[in-house]
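Trainee: I should like to understand how the terms used for a protein structure are justified. May we go through one together?

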Amino acid sequence: MALEEEEQQTYSGTTAERLRQFALSEDAKERLSGLMTRYWEITAYAFLVATAAVLRFYNLGARAMHHDESLHGFFSYGFKKALGQIVTGQIPAHDTYKHVPFMHGPFQFIGPGFVMFIFQDGEFQSRMLAAGMGTAMVFMPFLLRKQLGTAGALATAFFIAFSPTLLYYSRFIREDIYTAFWTLGIVIFMWRYMATRQNRFLFLTAGFLAGSFMTKETTFMTAAAFIIFMDFLFAVHIADKIRATSPDMSDAMYALLVVILIPAALFIAILWPFIADWRSRYELDEMPPEADLIVVMGTVSLPMYAAGMQLFHIGPIGFGPEWRNRAGNNGDSHIASQETTAAVLSVFALIGIAATIGLAWRPKVWAIAAACFWVPAFLLSTTFFTNLPGFFSVVWGSMDYWISQQDVRRGNQPDYYYFITIPVYEFLPLILSIAAALYYAIRGRMSYAIAIATGIVAIFVLLWLPPGPKIEKVSSLHIVLPFVMVLVGIFVFPMDRLNRFLLYWAVITAFALTVAGEKMPWLNVHIALPLAVVAGRFVGQMIEGTDLREDLPPIERVAPFLYSAAASGLAILVFVLLGPFTLASAGGWILVAVAAISVYWAKTGYSTRTAFQVALIGFVAAAGVFTVRASVLASWGHPDDPYISKLAPRDYGETPDELLVYTQTSGDIPVLADKIGQYARDSRKGKGLLIVVDSSEGYTWPWAWYLRDYKNVQYQAIGPNYSPPKGAIVLVHKNNAGNVQPGPDYGPPVNYAHRRWFPEDYRGADQKYSTHDFFRDLFSKRELSYWLDFWVRRTPPNEIGSTDGVAFFPKDFSAIPTEPVGPTVRTDGTQLVIGGDGSAPGQLNGPAGVKLDKAGNIYVADTNNNRIQKYDPDGNYLAAAGGFTSDFSMNQPWSMAVADDGTVFVADTWNHKIIKLDKDLKKVKEWGVGGQESADGDPTKLFGPRDITLTAGGNVVITDTGNSRIIEYTKDGDFVRQLGGKVSDTDAGPFKEPVGLAAAPNGDLYVADFWNKRIVHLDKDWKVVSEIKVPTWGSNGVTDRPYLALLPDGRLLATDPNPCATAPDCPSPQSGKILVFDAAGNLLTSYEPAKEGKNVIERPIGIASDGTSVLVADSAGSVVRKIPLTEITK
């Protein structure tokens, strides 16, 4: 009674107050501690799942919607709108989603659509399903813990939780993480069925298989691979039974029997009810669980492979190559009209065959399993009965389209693509998986070790051989044979069958995706998942069964492991933050010593096995720091990213510093979308605001997502002399911005990055770097340094690629500044800095050429603002020609020249013409048309002229860069002569990407022949006088083009935008330099201009000199620097 009174007194008040009192009590804390000790496994999973949820859901909506995300989100949003209208009893104003094969399975639209219906639409909501399923995957190994082992399942959950690839695509509305969820479930339920033979696991296998088929076409490969492995297990089972009746059977005969039975086992499973007599001879009384899985998985999915018949040429039916390469768009069924009869008949025939086999097997069980597959498949494919032809679109059209795309090879990535991406991001599970494969295969047997070593040597020999014949456009020597050898090894060497399956799953997936036509970063998900499971299984097996005494206190039993893990992880963290060889990193080396002592303690105090376990945990912890770092940087963005786009406040993961990011919508897009929303509110036009979007080069996406609620959006081509409708906001491709004539009602244009991509230097300078080249160079010092630099510093190997746009807002919108913020000229020590990033008068955007007139006025080719600008000698803005509000357009002019009378000649590079302006910068005339030169060397057909200079007599000389020639015209554009191209080469050979020009008073001419890595000195008759070698020229960066300036004393200045001694194969971008040569062509010195702001590099392009100072255009910093000549030449 007293105790009850005490408890009532302790926990009194309302329910909430009692709960609060209990939560703060010592009694509650003791109970919780006891539960955690008793249920440590659940506690560990709870921690991992909670951590995974934070990693996947935190700031989920901040990153700009990728092109593909916007497409998936837009159609999911359409389904959500229609669903909402149906639920409220309205007739849908929007068409509901209908399956289209090229957009993959229906689940990736219908699933997010339901989420949006519940939680409303937005970037966060669109990604919620991916984040939720990605989080659920962390818990799923718990369901397989009896097979993986307690520690193995937890390790697997750890690797899934922190995998950079799985994390990134769990924050991405794309089908791959959904497919990974379904695939992991299939694996779990297959092995649970084989362990328990409970029918519910067959039903779950069938249901998850349906989810996978309804999500992505990679399931065609995955399902077939799993069925093949079950077939192998069944073949081994039959062979064991037959061997039991033949005790004298040799190992060789047994192996041969297994090989023979692999194709036969499938038919034995199908005919099992009808071959009882034969089975009785070998005591095959009960059908093994793997055979059950063959029947269930094979029959329910069989109709999905109907279009696969096109892969086989059958003369009478006529399945020739045209079938394989023909995907239909015939109505909602998406069956080519020529294939309709064959498609319908084959689908129903396979359904009939599957039902016959299944009902003969176990009628009730098969019927339930078939329902688990086909009910969700039919509902999703027909969009819940609203699109009945969608059934054929999914069942036939999915594989039909997938087959047709194999020759297209979308993305055009090299065969070795996954040999780059997986080691960069999944290095920890990859290393552990390789160790697992060797450990499982060798198991202490020297003969096995010798056989494996021989196989590895053979693979390296194959990789060193020159390219051989190709299979499906993939090298047979460098890809197919090595993979086949590894797969044969997995099946030949004796090992636990779960270990064999996991290794097979990882290798066959990598092999299939490497051979398949499309290679994309999101497909890494399907390789990363089995690697995580293999690594988890291996770590679990390695750390189970320690030699630590059970009579020791728990803390002492785990102390060596804790010390090793903590010390190793913290040491790497110190090295990452401070560098390994700095005074501040001394603490890191002390931690390394602590980790080493922990291993030594385990060896001397316990055993070598325990020491190995402690070392393994230390390695996982150390490499885990790099893994977590890669995960966070790829998914959440790089802090203080120097490559951040123009308008974005910070990098939320959309800056393509990472291979996983690939091509990504710029962070400028959501910023502009917010400004459009603000203008809609300020102008009170609301969702009726007129918005015009340029439809060229896929610019519709992601704008279709961001503008989904606006009722008056026009997607159209923006042609010449386009006048926007009054009050409209115009979003246009940078290349078409010159076509817009906005008039006085519009403010200055807003430049923005639309889409950016990771530089693909790994494909080689000419994009033809072969698999043989890759493996040949893989272990070279230069390549290892290249990849180690990226792995450690996460710095892109070159400039980030970009497709830019221009936004035009009405002038009355106050959120868009009409004047530059602050002055456009400043001093920086002894230097004058002109410009600054922007499009307002005086600001610059990626400037190229710079020139002076005789009064010292400065002219700058403001390339990305499509104009030239004029400044006085002190850098004050005076005037401009071209630009977005001009009465004539330019398209990325790269240079100009100024005559003594003030006439300006402009190389209008991507309009492929020369423009002549008067001293007031008014257009006088133009000449040149776009296109490659014809065979007769037509001097009016220009292709990307880059520089322009004037002779002593006033003639105009240009570099017609794209046509590899120089051309001289009169000041009125009449042709005088040309050199190079298809007509005449120089005495020293043809030009290759000629860019900069410098004319001497005596008529000599200097030409920067960039890709030939030389400066060619020509006399007045254009005969070669000499060459100056510039070995660091020749890179392929878009803005890497050199210009020249001649000093009065004969010295020559040249810009070196991206010095690269190995050009065109440049491992990483370098800060540019100004090179100084004497009159004889000897290099005197070089000078590196200052970097602008937070830029990690500067990119000197245009250069000019008045004899006392040098002007250089820094394209990366969007400024022109005026530097004392003595500072450069000292």
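Mentor: Certainly. Please keep in mind that this is a predicted model. We begin with helix α21 (residues 417-425) and helix α33 (residues 781-793), whose axes come within 10 Å and cross at roughly 40°.

Trainee: What makes α21 oblique to α33?

Mentor: Angles under 35 degrees count as roughly parallel, and 65 to 115 as roughly perpendicular. The crossing at roughly 40° belongs to neither class, and therefore α21 is called oblique to α33. The crossing of these two helices is right-handed.

Trainee: Which residues of α21 and α33 meet?

Mentor: From α21 there are I420, P423, V424 and Y425, and they meet W787, F790 and W791 of α33.

Trainee: Why is strand β10 described as largely enclosed by the rest of the structure?

Mentor: A residue is buried when its relative accessible area is under 20%. Five of the five residues of β10 (residues 831-835) are buried, and therefore the strand is described as largely enclosed.

Trainee: How do you know that β10 pairs with strand β9?

Mentor: Two strands pair if there are at least two bridges between them. Strand β9 (residues 825-828) and β10 have four bridges, in the antiparallel sense, so the condition is met. One of the bridges links D828 with Q831 in β10. The two strands form a hairpin with two residues between them, and G829 in the turn has a positive phi of about 65°.

Trainee: Which other strand is joined to β10 by four bridges?

Mentor: That is strand β35 (residues 1119-1124), which runs antiparallel to β10. Here I834 has V1120 in β35 as its bridge partner.

Trainee: How do you know that H1017 is buried?

Mentor: The cut-off is under 20%. H1017 has a relative accessible area of 10%, so it is buried. H1017 is placed in strand β27 (residues 1014-1018). Leaving aside neighbours within four places in sequence, its contacts include D1004, Y1006, K1023 and V1025.

Trainee: What makes a set of residues a nonpolar core?

Mentor: Its members are buried residues of kinds such as Ala, Val, Leu and Ile, joined through side-chain atoms within 4.5 Å. The largest such core here has 223 residues, and F373, I676, W703 and L731 have the most contacts inside it. Helix α13 (residues 219-244) gives the largest share of this core, 15 residues. Beyond its neighbours within four places in sequence, I676 is in contact with residues including L689, W703, Y710 and F809. A second, separate core has 30 residues, among them V995, I1028, L1044 and I1074.

Key. Residues numbered from 1 in each chain as written. Predicted model: local features only at pLDDT ≥ 70, side-chain atom pairs only at ≥ 80, totals over all residues. Heavy atoms only, no water. Buried < 20%, exposed > 50% of the residue type's maximum accessible area, 1.4 Å probe, protein only. Contact = heavy atoms within 4.5 Å. Axes fitted to C-alpha atoms, helices over the stretch in contact; angles between N-to-C directions. Parallel < 35°, antiparallel > 145°, perpendicular 65-115°, else oblique. Left-handed = near helix turned anticlockwise from the far one by under 90°.
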